[in-house]
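Hi,

Here is the structure I promised to pass along. Have a look at it first, and then read my notes underneath.

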Amino acid sequence: MSLDLPAVHAATAAQYQRVTPGIEDMDAYLASQIKDSSHREAIGPLLTASGASGVILRRGERIAEWGNPDVPEMAYSVTKSVVSTVAGIAFDSGLLPDLHRPVADTLDLPELATARARTITWHHLLQQTSQWDGELWGKPANAGALSQRSESAPLDAAPGFGWAYNDVRVNLLCLALTRLFGRSLPTVLHEHILGPLGASSSWSWHGYHNSTTTIDGEAVPVVSGGAHWGGGLWISAGDLALLGELYLRNGDHRGRRLLSPTWIDLTWTPCPHNADYGYLWWLNHRRAVFPTAPPTGRCARGNGGRHVLWIDPARDLVIASRWGDGVEELLREVTIAVPAR
């Protein structure tokens, strides 16, 4: 079977028409996504959406695009997978030699001062099993808990004994990584990943108006791991696809190793409390994330799947889709048109 390029283009044309409704008023749209009415106030910047857009890469070549794929958009929880990428830089550089070591053994953070919090490891934060209970940047952890939670995760579970999808806890990881590197995470991401990949200069990564930490006497911004309250990564589909291509190539970019295969293997190792989740990446091997998409795929996913970076090594395929509903249909139709290797 050969590549059915007309079918790919038909699938992307259909996706271009499935624009997420309500995005013309981002403040109202964001508030509608937050179930906890007591913590709906956005404390980070918002970016006006430009509409449905995306790109498809096969064997490193852009074979399709729709909308304005070179215009940056809010990435929502796709940002979490980029946080994982930054953690991979720390791992590969030796800053995180033992992921199962408590974070408090390395960093002196008031947020980790309690006896329970001092047992939280980097591994826990990366798998969303930390069960951290506190407040960060004015938002309590119970407000950052989204609809997904494993049945084995009671609210008082000890760190490592349950999984829960939680924005505040990912923000805690962003704070810890900022202190670990001693500089802002966008600087690290540009220097080690997006710069070498040849990404455009249009991307940016934001936190909240009050999310800073002091390093060597200077206030350093701390970015957020999503757009639950604004902020997060703002990046184009084209630049996002470059990151997907890096993961597809097992961390290699034109003969230069930007991430280690060891880190990528760790990233895509299923969590014991949620087999569909790795280190802030979603896994589709059980077809639980996107039931009609292939089990060989894995993805960064945000805003209820309206933002997706899909990576399928079996087809040498990367799909970056932004502000589009019904993305599973796009994945299914493109998969039918692109043969496995």
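Below is what I found, going from the whole protein down to a few individual spots.

One caveat before anything else: this is a predicted model.

**The whole protein**

The protein has 10 helices and 16 strands. Its radius of gyration is 19 Å, and the globule rule gives 20 Å for 341 residues, so the protein is as compact as a globular protein of that length. If you want a feel for the dimensions, the C-alpha trace spans about 60 × 45 × 40 Å along its principal axes.

Of the 341 residues, 58% are buried. Looking at contacts with a separation of 6 or more, 65% are between residues 24 or more positions apart. As for the surface, about 13200 Å² is exposed, with carbon and sulfur atoms supplying 50% of that area. On the charge side, there are 28 positive and 34 negative charges, and their mean positions lie 5 Å apart.

**Helix H8**

H8 covers residues 237-248. At 1.5 Å a residue, its 12 residues should span 16 Å, and the end C-alpha atoms are indeed 16 Å apart. The helix is largely enclosed by the rest of the structure, because 11 of its 12 residues are buried. The buried ones include the charged residues Asp239 and Glu245, along with Leu240, Leu243, Leu246 and Tyr247. Just after the helix, Asn250 takes a positive phi of about 60 degrees.

**Ser81**

Is Ser81 buried or exposed? Ser81 is buried, with a relative accessible area of 1%. You'll find this serine in helix H3, which runs over residues 78-92. Not counting residues up to four places away in sequence, Ser81 touches Tyr247, Leu280, Trp281 and Ala300. Tyr247 is one of the buried residues of H8, so this contact links H3 to H8.**Ala42**

Ala42 sits in the loop between helix H2 (26-33) and strand E1 (53-58). At 25% relative accessibility, Ala42 counts as partly exposed, since buried means under 20% and exposed over 50%. Leaving aside neighbours within four places in sequence, Ala42 is in contact with Asp27, Leu30 and Trp229. Leu30 is 12 residues away along the chain, and its C-alpha atom is separated from that of Ala42 by 8.0 Å.

That's what I have for now.

Cheers

Conventions
Residues numbered from 1 in each chain as written. Predicted model: local features only at pLDDT ≥ 70, side-chain atom pairs only at ≥ 80, totals over all residues. Heavy atoms only, no water. Helix = DSSP H or I, 4+ residues; strand = E, 2+ residues; numbered from the N terminus. Rg over C-alpha atoms; globule rule 2.2 N^0.38 Å. Buried < 20%, exposed > 50% of the residue type's maximum accessible area, 1.4 Å probe, protein only. Contact = heavy atoms within 4.5 Å. Areas by Shrake-Rupley, 256 points an atom, 1.4 Å probe, with all protein chains shown as cover. Charge placed at Lys NZ, Arg CZ, Asp CG, Glu CD. Expected span 1.5 Å × (residues − 1).
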